[in-house]
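Visitor: I would like a close look at one part of this model, taken residue by residue. Please pick a starting point and work outward from there.

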Amino acid sequence: MLCGCDARHYGWLRTLGATHEVVAMVTEAPWQHATRVEGVRLYYPSEVFSLCRRFEVDYLVYATPAERDAIERVAPAAHVWQAHWCHGIEGLTAR
C-alpha cells in the first residue's frame, strides 16, 4: 500500500507494478477519495488499518514522516500493525 498520492507515489506505483501488487493508495484529499490511479483505488488514512487486514498488506510505503503520522493518528487504540512500514521503495524493489 502506498501511503500518499502525489507525483512521487505515482512513480512508485509505476515502478512497483512489475514486481509487486499495490492494493491501495492513501489520500487525505476529499476530491481524490474513491478514485483510481492506474486501477488502484484511493482511500482515507482512517481506512488503512482495516485495509491491511482485508488485503493482508505486507508493506505500508511512505515518502514523508507526515504521511505515516496521518495514518497512525487515526488508527484504532491499541492497534498492532501486521504490515511493515517502509520509508521509500528502495528496499522493496530488490525483493
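Guide: Contact here means heavy atoms within 4.5 Å. The model is a predicted one, and the starting point is Met25, which lies in strand β1, residues 25-26. With neighbours up to four places away in sequence set aside, Met25 is in contact with Leu2, Gly4, Cys5, His9, Tyr10, Leu13, Val37, Val40, Arg41, Leu42 and Tyr43. Met25 is buried, and its relative accessible area is 0%. Thr35 comes 10 residues from Met25 along the chain, and the C-alpha atoms of the two are separated by 10.0 Å.

The strand that holds Met25 belongs to an open sheet of 3 strands, in the order β1-β3-β2 and with mixed pairing. β1 and β2 (36-37) are the edge strands; each has a single partner strand, so one side of each has no neighbour in the sheet. Strand β3 covers residues 40-43 and runs antiparallel to β2, to which 2 bridges join it. One bridge pairs Val37 with Val40 of β3. Both Val37 and Val40 are among the contacts of Met25.

Cys5, also a contact of Met25, leads to the cysteines. A disulfide is a covalent bond between the sulfur atoms of two cysteines. With a cut-off of 2.5 Å between cysteine sulfur atoms, the model has 0 disulfides. Cys3 is in none, and the nearest cysteine sulfur, that of Cys52, is 7.7 Å away. For Cys5, the closest cysteine sulfur is in Cys3 at 12 Å, which is too far for a bond. Cys3 is buried, at 3% relative accessible area, whereas Cys5 counts as partly exposed, at 22% relative accessibility.

Cys52 leads on to the nonpolar core. The largest such core has 17 residues, and Cys52 is one of those with the most contacts inside it, together with Met1, Val48, Leu60, Ile71, Trp81 and Trp85. Helix α2 (48-55) and strand β4 (59-62) each supply at least two residues of this core. The largest share, 4 residues, comes from α2. Leu60 touches Met1, Cys3, Val48, Cys52, Trp81, Ala83, His84, Trp85 and Cys86, leaving out residues up to four places away in sequence. A second, separate core has 14 residues, including Leu2, Leu16, Cys86 and Leu92. Leu2 brings the account back to the start, since Leu2 is also listed among the contacts of Met25.

Key:
Residues are numbered from 1 along each chain as its sequence is written. This is a predicted model: local features need pLDDT of at least 70, side-chain atom pairs count only at pLDDT 80 or more; totals for chains, interfaces and linings use all residues. Side-chain values use heavy atoms; hydrogens and water are left out. A nonpolar core is a set of buried Ala, Val, Leu, Ile, Met, Phe, Trp, Tyr and Cys residues joined through side-chain atoms within 4.5 Å. Buried means under 20% relative accessible area, exposed over 50%, partly exposed in between (1.4 Å probe, protein chains only). Two strands pair if DSSP finds at least two bridges between them.
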